[in-house]
Amino acid sequence: MHKESEIRDPLILGNKTYHDITRDIARPVEGKANKYWWILFILSVILFLWGVGCMAYTVGTGIGVWGLNKTVNWAWDITNFVWWIGIGHAGTLISAVLLLFRQKWRMAINRSAEAMTIFGVIQAGLFPVIHMGRPWLAYWVFPIPNQFGSLWQNFNSPLLWYVFAISTYLTVSTVFWYIGLIPDFAMIRDRMSKKISPMKKKLYTLLSFGWSGRAKHWQRFEEVSLVLAGLATPLVFSVHSIVSMDFATSIIPGWHTTIFPPYFVLGALFSGFAMVETLLIIMRKVVSLESYITIKHIEYMNIIILFTGSLVGTAYITELFMAWYSGVEFEQYAFLNRATGPYWWAYVAMMSCNVIIPQLYWIRKIRTSFIATFILSIFVNIGMWFERFVIIVTSLHRDFLPSSWTMFSPSFVDIGIFLGTIGFFFTLFLMYARTFPVVAQAELKSILKSSGSEFKKQSHE
Amino acid sequence: MSKKTLYAIFDDEEVLLKSVLELRSKDIEILEVYSPFPVHGLDHALGLKETRMAITAFIYGCLGLTFGGLLIYYIMISGVGKSWPMNIGGKPNFSFYQNMPSFVPIMFECTVLFAGHLMALTYLFRNRLYPGAKTKSPDPRTTDDKFLMELEIEGSDLEIKKLLTSTGASEINEKKIENE
């Protein structure tokens with residue numbers, strides 16, 4: 001039996017038994033939604049529908065309804081795309097990288113973090129598809145035998161790399177998530193009574209794939225999880241590296257930098273963890289998971305945010321230094337313009353939200369407070385959106401020819417689509433919170449005896 | 001003699017593990033163990049063979065790498081690439097080797113795509129898990145907090161029942177197997 005050090009804080013609070021864990025995790029699925037859930041759900045659906053309207057308007061009329069112009073030909077769509085992809089990074093990091101490092105605290109949060117990943121990547125995927133203008137031809141990005149003569153994809157292009165990267169990331173994450181979900185769906189299936197809720201029983205029977213928990217199955221389960229984690233780890237790092245290459249392989253000053261891949265990956269982890277915190281701090285209250293998602297989990301995540309935030313700050317400063325050191329005027333101007341040009345406020349928002357504010361996590365009191373963490377996580381979410389806006393718009397709006405210098409302002413359609421994806425994201429997440437086992441209960445049970453607070457106390461007496 | 005199946009239920013994984021070892025040392029065959037979560041060391045205690053899932057993933061990964069490489073080779077260099085050569089950034093369009101660096105991302109993604117999905121499918125196939133399958137567990141509590149050991153015995157069961165109770169089984173149920 002594995003024993004854990006006494007000084008390590010417990011990960012499961014309260015006097016819980018295996019049955020208590022089952023009951024606590026199944027409760028949101030079995031019970032009825034409360035008032036707050038309905039209010040949030042209706043609001044999200046309204047936002048989503050508004051977004052759908054704006055998307056339909058874009059597709060029906062053309063990209064001209066956005067705020068883009070000849071100089072700033074990429075703006076909100078790609079900003080939102082990168083923002084959502086970044087948010088989609090924490091989930092797989094938590095479930096894959098932390099599994100390889102044997103971090104047990106991941107078990108209480110990996111399910112929701114990965115749900116967030118999948119829903120976030122879905123939002124991200126919408127933007128390139130809408131931007132195509134003719135989304136029904138979106139399948140042209142895949143190398144499918146076709147009748148257009150010799151017209152095939154260009155495998156030298158980072159845009160095609162990211163088609164492959166995102167498709168792989170979305171599908172492999174979903175598979176990883178579902179493999180872990182099967183035993184938990186089985187737990188819910190076995191609790192449902194055929195008489196009281198026959199439809200639900202049928203649904204969970206279907207979802208659980210007939211899982212029965214045999215010893216051989218568990219042995220395979222563990223190996224498959226480990227190998228999938230090993231595969232997903234380089235995948236996480238590759239996806240955002242490839243997204244950054246959409247910019248880095250271009251020749252636009254401000255984009256053409258070799259620092260982009262690691263800098264984007266760190267930024268993605270940074271923003272992903274912030275979004276996980278925003279969601280989990282609300283969720284632990286709404287579905288009463290206080291014993292499982294504890295302040296210790298939040299503190300661990302805050303330490304990662306502090307670390308990645310500091311590295312992102314280092315990257316910002318390195319960028320500035322390299323611009324000056326390159327001796328190229330265009331490069332130097334691009335960065336000077338970012339910080340002091342007409343978009344200085346976006347630069348200030350980015351610097352303060354991403355670099356300065358997370359430094360507050362050095363203070364233990366702030367790091368271990370739910371309210372402070374929630375507020376700071378919102379700042380990070382905003383800051384990371386501005387980071388992408390700064391990189392994209394300020395690099396474009398003053399290009400090589402001063403006569404074509406211009407400003408960008410989003411149209412109501414730009415804003416509507418962005419709000420729509422936020423609505424879509426929360427709609428999916430709220431539905432998930434009511435129908436899925438939101439904590440990987442089978443895994444959690446396996447650490448109850450080593451990390452549960454009562455068991456820890458007993459074993460050290 | 002009539003055959004029957006015994007279902008011994010345990011409340012704790014450590015007790016179960018000790019009981020499994022005790023029974024196996026007495027050469028009693030254990031048909032199956034059902035548990036709500038992976039119990040570490042149970043596969044060794046039951047004498048299960050190492051799973052070969054990781055090996056399949058490696059094979060599928062190699063397959064994916066080959067597929068990705070051949071796909072790119074066909075589209076960019078040999079097949080379509082030859083009939084419609086494109087000058088992309090001045091890169092030589094007749095040489096796979098010299099173009100390779102920019103093909104690495106997609107070859108890598110294909111490797112992961114194949115390894116991940118095909119291993120997951122193999123896992124579902126080997127475990128006979130598919131939408132609509134019925135659970136084989138004899139007791140629904142095995143996904144909650146109970147551990148179940150399944151034994152098949154012929155003849156007198158008193159001895160084994162005694163052994164099971166003394167090693168910590170909290171409950172023993174039985175089912176007669178009809179003689180064919």
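Is Ile363(A) buried, exposed or partly exposed? In this predicted model, Ile363(A) comes out as partly exposed, because its relative accessibility is 42% and that class covers everything between 20% and 50%. As for where it sits, Ile363(A) belongs to the loop that links helix H12 (344-356) to helix H13 (364-367) in chain A. Going by C-alpha atoms, 32 Å lie between Ile363(A) and Thr79(A), a pair with their positions 284 residues apart along the chain.

Ile94(A) gives another picture. This residue is part of helix H4 (residues 90-100) of chain A, and it counts as buried because its relative accessibility is 0%, with the cut-off for that class at under 20%. Leaving aside residues up to four places away in sequence, Ile94(A) is in touch with Leu99(A), Arg106(A), Ile109(A), Asn110(A), Ala113(A), Phe273(A) and Val276(A). Ala440(A) is 346 residues from Ile94(A) in sequence, yet the C-alpha atoms of the two are 13 Å apart in space.

Two loop residues of chain A turn up with backbone angles worth a look. Phe209(A) isn't a glycine, but its phi is positive, at about 55°. It lies in the loop running between helix H7 (198-207) and H8, and with a relative accessible area of 13% Phe209(A) is buried. Ser288(A), also not a glycine, has a positive phi of about 50°. Its loop is the one between helix H9 (260-286) and helix H10 (295-326) of chain A. Here the side of the cut-off changes: Ser288(A) has a relative accessibility of 35%, so it goes down as partly exposed.

Helix H8 comes up again where the chains meet. H8 (residues 215-248) of chain A packs against helix H3 (residues 53-77) of chain B, with an angle of about 35° between them and 9 Å between their axes. On the H8(A) side the contact is made by Arg220(A), Glu223(A), Val224(A) and Val227(A), while H3(B) brings in Met53(B), Ala54(B) and Ala57(B). Sorted by class, that contact of H8(A) with H3(B) has five nonpolar residues and two charged ones, and no polar residues.

Turning to chain B as a whole, its secondary structure adds up to seven helices and four strands. Along the sequence these elements follow the order β-α-β-α-α-α-α-α-β-α-β. The domain assignment splits the chain into domain 1, made of 3-36 + 145-177, and domain 2, which covers 53-126. Taken over C-alpha atoms, the centres of domain 1 and domain 2 of chain B are 51 Å apart.

The overall dimensions of chain B come next. Measured against a compact globule of 180 residues, for which a radius of gyration near 16 Å would be expected, chain B has 27 Å. Along the principal axes, the box filled by its C-alpha atoms is roughly 85 × 35 × 30 Å. Of the 180 residues in chain B, 46% are buried. Contacts in chain B with a separation of 6 or more can be split further, and 76% of them involve residues 24 or more positions apart. The accessible surface of chain B is about 9900 Å², and carbon and sulfur atoms account for 59% of that area.

Definitions and conventions: Residues are numbered from 1 along each chain as its sequence is written. Chains are lettered from A and ligands numbered from 1 in the order in which they are written. This is a predicted model: local features need pLDDT of at least 70, side-chain atom pairs count only at pLDDT 80 or more; totals for chains, interfaces and linings use all residues. Side-chain values use heavy atoms; hydrogens and water are left out. Axes are lines fitted to C-alpha atoms, for helices over the stretch in contact, and angles run from 0 to 180 degrees between N-to-C directions. Contact means heavy atoms within 4.5 Å. Ala, Val, Leu, Ile, Met, Phe, Trp, Tyr, Cys and Pro count as nonpolar, Asp, Glu, Lys and Arg as charged, and the others, Gly among them, as polar. The radius of gyration is taken over C-alpha atoms; the globule rule is 2.2 Å times the number of residues to the power 0.38. Buried means under 20% relative accessible area, exposed over 50%, partly exposed in between (1.4 Å probe, protein chains only). Accessible areas come from the Shrake-Rupley method with a 1.4 Å probe; for residues, only the protein chains shown count as cover. Domain bounds come from an automatic or database domain assignment.
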